[in-house]
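Work through the exercises below with the structure open. Each task is followed by its solution in steps.

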Amino acid sequence: MQRSNLKLVTHPETFEQNMSGSAVGVVFFESGDSKFPADSWYDFPLSIFTWWLAALDQENEVAQLVFKDGPYLVELSSSGLNWVFQGIRRGENKLPVFEAVIEKSVLKAQIKAAAFAWIDTLTVQSKHPEGIEELRIALRK
């Protein structure tokens with residue numbers, strides 16, 4: 001499988017704060033016309049970016065990037081300098097519904113850039129939702 005043009009798409013301007021104080025907003029992966037979990041997927045970016053950075057920091061041969069909302073996760077398998085990326089809908093089948101290849105450093109850089117964009121947006125808005133400090137700590141590693 002050749003490297004794809006996979007990118008992490010997020011829109012901090014879609015920020016909403018739910019009743020528990022968590023930030024929610026648009027975050028999904030895109031490669032060409034394919035989107036995972038879905039176009040304009042709403043999730044909990046502060047939490048998932050913190051989890052994803054921790055998973056990548058372990059430098060294992062496999063990693064999982066779990067979405068907090070819905071039955072979705074990404075399974076990553078190491079292939080040299082790349083990750084083989086499989087978007088999975090958990091359930092009976094657990095079959096990949098989305099596949100791509102991305103350079104390891106590029107994926108981590110995209111997650112960090114998205115995290116910083118969220119933090120910058122929330123700081124400008126003087127918002128301090130649940131999970132923002134944990135994400136700041138994860139970004140320092």
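**Exercise 1.** Which residue in E6 stands opposite Val62?

Solution. This is a predicted model.
- Val62 has Ser77 of E6 across from it.
- Widen the view to the two strands. E5 and strand E6 (residues 72–79) run antiparallel and are joined by five bridges.

**Exercise 2.** Find the strand order of the open sheet, then its edges.

Solution.
- Read the order: E5-E6-E7-E8, four strands with antiparallel pairing.
- Strand E5 (62–66) and strand E8 (96–103) each have a single partner strand, so each has one side without a neighbour in the sheet. These two are the edges.
- From one strand to the next, the twist averages 20°.

**Exercise 3.** Which strands do H1 and H2 touch, and at what angles do they lie?

Solution.
- H1 packs on the sheet and touches E5, E6 and strand E7 (82–89). Its direction makes about 180° with that of E5.
- H2 packs on the sheet too, touching E5, E6, E7 and E8. The angle between the directions of H2 and E8 is about 105°.

**Exercise 4.** Which residues of H3 are buried, and what do they pack against?

Solution.
- In helix H3 (residues 132–140), the buried residues are Ile132, Leu135, Arg136, Ala138 and Leu139.
- Their arc around the axis is only 160°, so they lie on the same side of H3.
- Their packing partners are helix H1 (45–57) and helix H2 (104–124).

**Exercise 5.** Which residues does Trp52 contact beyond four places in sequence?

Solution.
- The contacts are Leu8, Phe29, Leu65, Val66, Phe67 and Ile111.
- Now check the largest nonpolar core, of 40 residues. Trp52, Phe29, Leu65 and Phe67 are among the members that touch the most others.

Key: Residues are numbered from 1 along each chain as its sequence is written. This is a predicted model: local features need pLDDT of at least 70, side-chain atom pairs count only at pLDDT 80 or more; totals for chains, interfaces and linings use all residues. Side-chain values use heavy atoms; hydrogens and water are left out. Buried means under 20% relative accessible area, exposed over 50%, partly exposed in between (1.4 Å probe, protein chains only). The arc is that of the directions from the helix axis to the C-beta atoms. Contact means heavy atoms within 4.5 Å. A nonpolar core is a set of buried Ala, Val, Leu, Ile, Met, Phe, Trp, Tyr and Cys residues joined through side-chain atoms within 4.5 Å. Two strands pair if DSSP finds at least two bridges between them. Axes are lines fitted to C-alpha atoms, for helices over the stretch in contact, and angles run from 0 to 180 degrees between N-to-C directions.
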